[in-house]
Amino acid sequence: IVNSLINKDLLEKERGLFFFTRFLTPYCLTEKGREYVKNQLMFNPYRFRAPQANHDFILGNIYLSLDERDRESWVTETKLGLDYPDYSVTDGMFVNKCGEKVAVEVITSNYTEDTLAAKQIFIDRFCDKSVVVDADKY
């Protein structure tokens, strides 16, 4: 699959890097790949940045720690942003086995107090519970 995407000029191999004691070979979307994702899959991809990778690594671990039923109810930040355009939404949300909406947010050191307060407003208004993880202490 990866080679097919590279051959279609949608994906390119970047130089390797060490990440949490492992050597990784990242693949990144080309400009053509970003346009494809934006137009066909309806979300805006981001460019790779190490602090963002740490944030996403933690968010991925949270997602993968959920049971299958909870993962099936997962709503992405992009979808939340479309559903609640007037709010600063969380990184994700899912519905637990009790039917409660659980917000998931991974905070980083570049979040301002205003950003945190805006996300808390979203959580208070639309969610029953929240999981908030500080990426700098993870």
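1. On cysteines: a search of the whole structure, which is a predicted model, finds 0 disulfides. The cysteines C98 and C127 may still be described by their surroundings: C98 is exposed, with a relative accessible area of 60%, whereas C127 is buried, with a relative accessible area of 10%. Because the cut-off for burial is under 20% relative accessible area and that for exposure is over 50%, the value of 10% places C127 among buried residues and the value of 60% places C98 among exposed ones.

2. On K97: this residue belongs to the loop that connects β6 (92–95) with β7 (101–107), and its relative accessibility of 72% means that K97 counts as exposed. When residues up to four places away in sequence are not counted, K97 touches R69 and D70. For D70 a separation can also be given, since the C-alpha atoms of K97 and D70 are 7.3 Å apart although their positions lie 27 residues apart along the chain, counted as a sequence separation.

3. On T25: this residue is found in the loop between β3, which covers 22–24, and β4, which covers 27–29. T25 has a relative accessible area of 34% and is therefore partly exposed, a class that falls between the cut-offs of 20% and 50%. As for its position relative to K13, T25 is 12 residues away from K13 in sequence, while the C-alpha to C-alpha distance in space is 7.3 Å.

Technical notes
Residues are numbered from 1 along each chain as its sequence is written. This is a predicted model: local features need pLDDT of at least 70, side-chain atom pairs count only at pLDDT 80 or more; totals for chains, interfaces and linings use all residues. Side-chain values use heavy atoms; hydrogens and water are left out. Helices (H or I, at least four residues) and strands (E, at least two) are DSSP runs, numbered from the N terminus. Buried means under 20% relative accessible area, exposed over 50%, partly exposed in between (1.4 Å probe, protein chains only). A disulfide is a pair of cysteine sulfur atoms within 2.5 Å. Contact means heavy atoms within 4.5 Å.
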